[in-house]
Amino acid sequence: GTSTVTTFVESASGVAEGGRTGLTALSTAFFFFLSLFLFPIFGMIPAQATGPALVIVGLFMLSSIKEIDFYDYSEAIPAFITIIAMPFCYSIAEGISFGMISYVLIKLLAGKRKDVSILMYILAIVFVLRIIWPLF
């Protein structure tokens, strides 16, 4: 994903594990700084070797699916689009953007526009502009 999405995911995972102070962020920053010097060694690891670790990370991410209300299609369809777009686009950020756009559109089409915050409308417009910008 992009640096903003990556920062959000790392911050959310730190909070999910109990990190509520700035010490979690400082620890992460320290190890990222350390990885700058170790990158040549990490770069020798082939992409195929990291595949199993990514499968486990994906498995951990799936635990959130139980919170989705699958009886409300205006909630379930955007969640499905988000989940399925990530591997097809090879990007977490793209999956999130397609999910947010579809969430706003489906809520509008379902007549549930009051369920959507103004921030979601703004983000959906920004994501649509980001997608169509290269076409011009």
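Here are some numbered notes on the structure above, which is a predicted model.

1. Start with the overall layout. The chain has 6 helices and 0 strands, so if you trace the sequence from start to end you read the pattern α-α-α-α-α-α; a strand is a DSSP run of at least two E residues. Of its 136 residues, 20% count as buried.

2. Have a look at the greasy part of the surface. Phe30, Phe31, Phe33, Leu34, Leu36, Phe37, Leu38, Phe39, Ile41, Phe42 and Ile45 together make a nonpolar surface patch of about 1,200 Å². One of these, Leu38, sits in helix H2, which covers residues 22–42. With a relative accessible area of 32%, Leu38 is partly exposed. That value matters here because patch residues need over 30% relative accessible area.

3. Next comes helix H3, residues 47–61. Its 15 residues should span 21 Å at 1.5 Å a residue, and the C-alpha atoms at its ends are indeed 21 Å apart, so the two values agree. Don't draw H3 as a perfectly straight rod, though: there is a kink of about 25° in it, centred on Ala53.

4. Where is the largest nonpolar core, and which residues build it? It has 8 residues, namely Met100, Ile101, Tyr103, Val104, Val116, Met120, Ala124 and Phe127. Both H5 and H6 supply at least two residues of this core, with H5 giving the largest share, 4 residues.

5. Now the charged pairs. The count of salt bridges comes to 5. One of them joins the side chains of Glu75 and Lys107, with N to O at 2.9 Å. Glu75 lies in helix H4 (residues 73–89) and Lys107 in helix H5 (residues 92–109), so this pair ties together parts that are 32 residues apart in sequence.

6. Are the two partners in that pair buried or exposed? They fall into separate classes: Glu75 is partly exposed, at a relative accessible area of 30%, while Lys107 counts as buried, at 1% relative accessibility. Lys107 falls in the buried class because the cut-off is under 20% relative accessible area.

7. Lys107 has another partner too. Its side chain meets that of Asp115 in a salt bridge of 3.5 Å, N to O. Asp115 counts as partly exposed, with 48% relative accessibility. If you want to see the wider picture, colour Asp72, Glu75, Lys107, Lys112 and Asp115, which are linked in a network of salt bridges.

8. A further salt bridge runs between Arg130 and Glu94, whose closest N and O atoms are 3.0 Å apart. This pair links distant parts of the chain, with Arg130 in helix H6 (residues 118–132) and Glu94 in helix H5, 36 residues apart. Arg130 is partly exposed, at a relative accessible area of 40%. Glu94 counts as partly exposed as well, at 21% relative accessibility.

9. One last thing to look at is helix H5 and its contacts. H5 supplies 4 residues to the largest nonpolar core. It also holds Lys107, the partner of Glu75 in H4, and Glu94, the partner of Arg130 in H6.

Conventions. Residues are numbered from 1 along each chain as its sequence is written. This is a predicted model: local features need pLDDT of at least 70, side-chain atom pairs count only at pLDDT 80 or more; totals for chains, interfaces and linings use all residues. Side-chain values use heavy atoms; hydrogens and water are left out. Patches are made of residues with over 30% relative accessible area and no salt bridge: like charges are joined within 9 Å, nonpolar side chains (Val, Leu, Ile, Met, Phe, Trp, Tyr) within 5 Å. Accessible areas come from the Shrake-Rupley method with a 1.4 Å probe; for residues, only the protein chains shown count as cover. A salt bridge is a side-chain nitrogen of Lys or Arg within 4 Å of a carboxyl oxygen of Asp or Glu. Buried means under 20% relative accessible area, exposed over 50%, partly exposed in between (1.4 Å probe, protein chains only). The expected span of a helix is 1.5 Å times one less than its number of residues. The bend at a residue is the angle between axes fitted to the seven residues ending there and the seven starting there. A nonpolar core is a set of buried Ala, Val, Leu, Ile, Met, Phe, Trp, Tyr and Cys residues joined through side-chain atoms within 4.5 Å.
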